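Let's take a friendly walk through this protein, from its charged pairs to its nonpolar interior. Please have the model open beside you as you read.

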Amino acid sequence: MAYKKTIHLIVSPTNRKKHKARPNLADLKSTRSKKRFSDWTSILDEYEGDRVRALDLYAGDHWVITKNLASDFPNFNIQIWVISPGYGLINVESKIVPYAATFSPDHTESVHYNKKTNLNEANRQWWNYLRKWQPKNIEGPRSISDLSDNHPNDSLIIACSMRYLNLLRDDLETLTKKKNFDQTKLYLVSSQGRKSLGALAENLVPSERKLRQLVGGGDASLNIRTAKLVLKMLAEGKTNNTQVRTAIQLLLDGIPAIQHNPRKSASVDKVTSFIKFAISINPNLTKTACLTLFRRDGYACQAKRFERLFEENSQ
């Protein structure tokens with residue numbers, strides 16, 4: 001059997017899930033982070049219901065592409081790992097409890113439950129707790145630095161938003177201090193973050209929005225589509241991060257800038273109608289999330305005006 005190069009693809013999950021979530025971070029009562037984490041892990045470990053493969057839990061365009069990468073590149077042994085807010089670093093073959101937890105703000109099940117604290121710090125603290133926990137019946141490394149230790153000759157591709165890169169900061173700093181760490185085999189696929197990455201700034205593979213004209217899809221799947229482009233370049237003979245970044249930059253230089261369409265102004269009736277419809281679909285929707293959806297539809301509204309109308313129509 002021919003040798004296959006192993007590549008570890010580490011991705012963020014999606015909030016959309018195919019299976020109904022049972023344990024929900026929003027149900028925890030404690031306001032102390034360590035107690036919340038202890039309660040959460042106990043719930044997951046002691047859960048007696050069905051468990052599903054992580055590969056089969058998540059949904060959406062981002063996840064469909066992720067699932068197909070192994071078959072898209074049969075000459076590679078692609079191992080897929082998830083940066084799970086519920087479980088920490090897990091292989092997609094791990095069987096887990098369908099859960100509701102997120103690193104995104106303005107969700108009832110958000111890790112960032114205390115709005116007086118910094119979002120990035122709260123997420124980073126939670127991730128560091130997860131790194132030290134070994135979930136019941138789940139084996140394997142609990143951090144990216146441990147994953148690299150276990151497979152020092154393999155390449156690592158991390159495809160996620162800047163929010164996720166921020167929460168991985170301590171983990172990545174530990175990785176860079178390893179004596180056997182080959183930095184040329186690490187690819188950080190994200191839309192931004194060079195200034196905040198420190199020693200890993202040169203590992204950033206930019207998934208700029210205008211790449212959508214080449215790889216297709218929308219913003220939600222841009223990072224994973226760019227990661228797929230990285231895999232394509234490795235399959236074509238590129239051997240390290242520098243070669244891949246140079247090739248992608250050449251592609252970017254040849255793609256025209258995206259023409260932005262200005263948002264349309266909206267009447268009070270239009271805003272009110274949108275808010276009522278959105279809340280009917282999701283009664284737990286926050287005003288910030290609702291405004292984001294409204295703007296994505298191409299409409300403009302001042303935040304304070306939208307907040308006032310949201311409060312008037314969400315009672």
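**Charged pairs**

We begin with a small group: Arg53, Asp56 and Glu93 are linked in a network of salt bridges, a salt bridge being a side-chain nitrogen of Lys or Arg within 4 Å of a carboxyl oxygen of Asp or Glu. Before going on, please note that this is a predicted model, in which local features need pLDDT of at least 70 and side-chain atom pairs count only at pLDDT 80 or more, while totals for chains, interfaces and linings use all residues. Residues are numbered from 1 along each chain as its sequence is written, and side-chain values use heavy atoms, with hydrogens and water left out.

A search of the whole structure finds 13 salt bridges. Three of them are set out here.

| Salt bridge | Closest N to O distance |
|---|---|
| Lys228 and Asp72 | 3.5 Å |
| Asp171 and Arg131 | 4.0 Å |
| Arg245 and Glu202 | 3.7 Å |

Take the salt bridge between Lys228 and Asp72. This pair links distant parts of the chain, with Lys228 in helix α9 and Asp72 in helix α3 (residues 61-72), 156 residues apart. Helices here are DSSP runs of H or I with at least four residues, strands are runs of E with at least two, and both are numbered from the N terminus. Lys228 is partly exposed, at a relative accessible area of 33%, and Asp72 is partly exposed too, at 37%. For these labels, buried means under 20% relative accessible area, exposed means over 50%, and partly exposed lies in between (1.4 Å probe, protein chains only). Asn68 also lies in helix α3 and is partly exposed, with a relative accessible area of 37%. Asn68 and Lys228 are 160 residues apart in sequence, yet 10 Å apart in space from C-alpha to C-alpha.

Now for the salt bridge of Asp171 and Arg131. Asp171 belongs to helix α7 (residues 169-176) and Arg131 to helix α4 (residues 119-131), so the pair ties together parts that are 40 residues apart in sequence. Both Asp171 and Arg131 are buried.

The remaining pair in the table is Arg245 with Glu202. Arg245 sits in helix α10 (residues 241-253) and Glu202 in the loop between β7 (186-190) and β8 (204-206), so parts that are 43 residues apart in sequence are tied together. Arg245 is buried, with a relative accessible area of 18%, whereas Glu202 is partly exposed at 49%.

**Two helices and their buried sides**

Helix α1 (residues 33-46) has 14 residues and reaches 20 Å from its first C-alpha to its last, close to the 20 Å expected at 1.5 Å a residue; the expected span is 1.5 Å times one less than the number of residues. Its buried residues include Ser33, Arg36, Phe37, Trp40, Thr41 and Leu44. They cover an arc of only 125 degrees around the axis, which puts them on the same side of α1; the arc is that of the directions from the helix axis to the C-beta atoms. Turned away from that buried side is a face carrying the exposed residues Lys34 and Glu46. Helix α4 is among the elements that cover the buried residues of α1.

In helix α13 (residues 303-313), the buried residues are Phe306, Leu309 and Phe310. Their arc around the axis is only 105 degrees, which puts them on the same side of α13. They pack against α11 (268-281) and α12 (287-296), with contact meaning heavy atoms within 4.5 Å.

**An enclosed strand**

How many of the seven residues of strand β1 (residues 5-11) are buried? Six are, so β1 is largely enclosed by the rest of the structure. β1 pairs in the parallel sense with strand β3 (residues 76-84) over seven bridges, and Leu9 stands opposite Ile80 in β3. With strand β6 (residues 155-159), β1 pairs in the parallel sense over five bridges, and the partner of Val11 in β6 is Ala159. Two strands count as paired if DSSP finds at least two bridges between them.

**The nonpolar interior**

In soluble globular proteins, nonpolar side chains tend to be buried together. The largest nonpolar core here has 79 residues, of which Ile157 and Ile158 touch the most other members. Such a core is a set of buried Ala, Val, Leu, Ile, Met, Phe, Trp, Tyr and Cys residues joined through side-chain atoms within 4.5 Å. Helix α9 (residues 222-235) gives this core its largest share, eight residues. Apart from it lies another core, of 15 residues, including Ala278, Cys290, Leu291 and Phe294.
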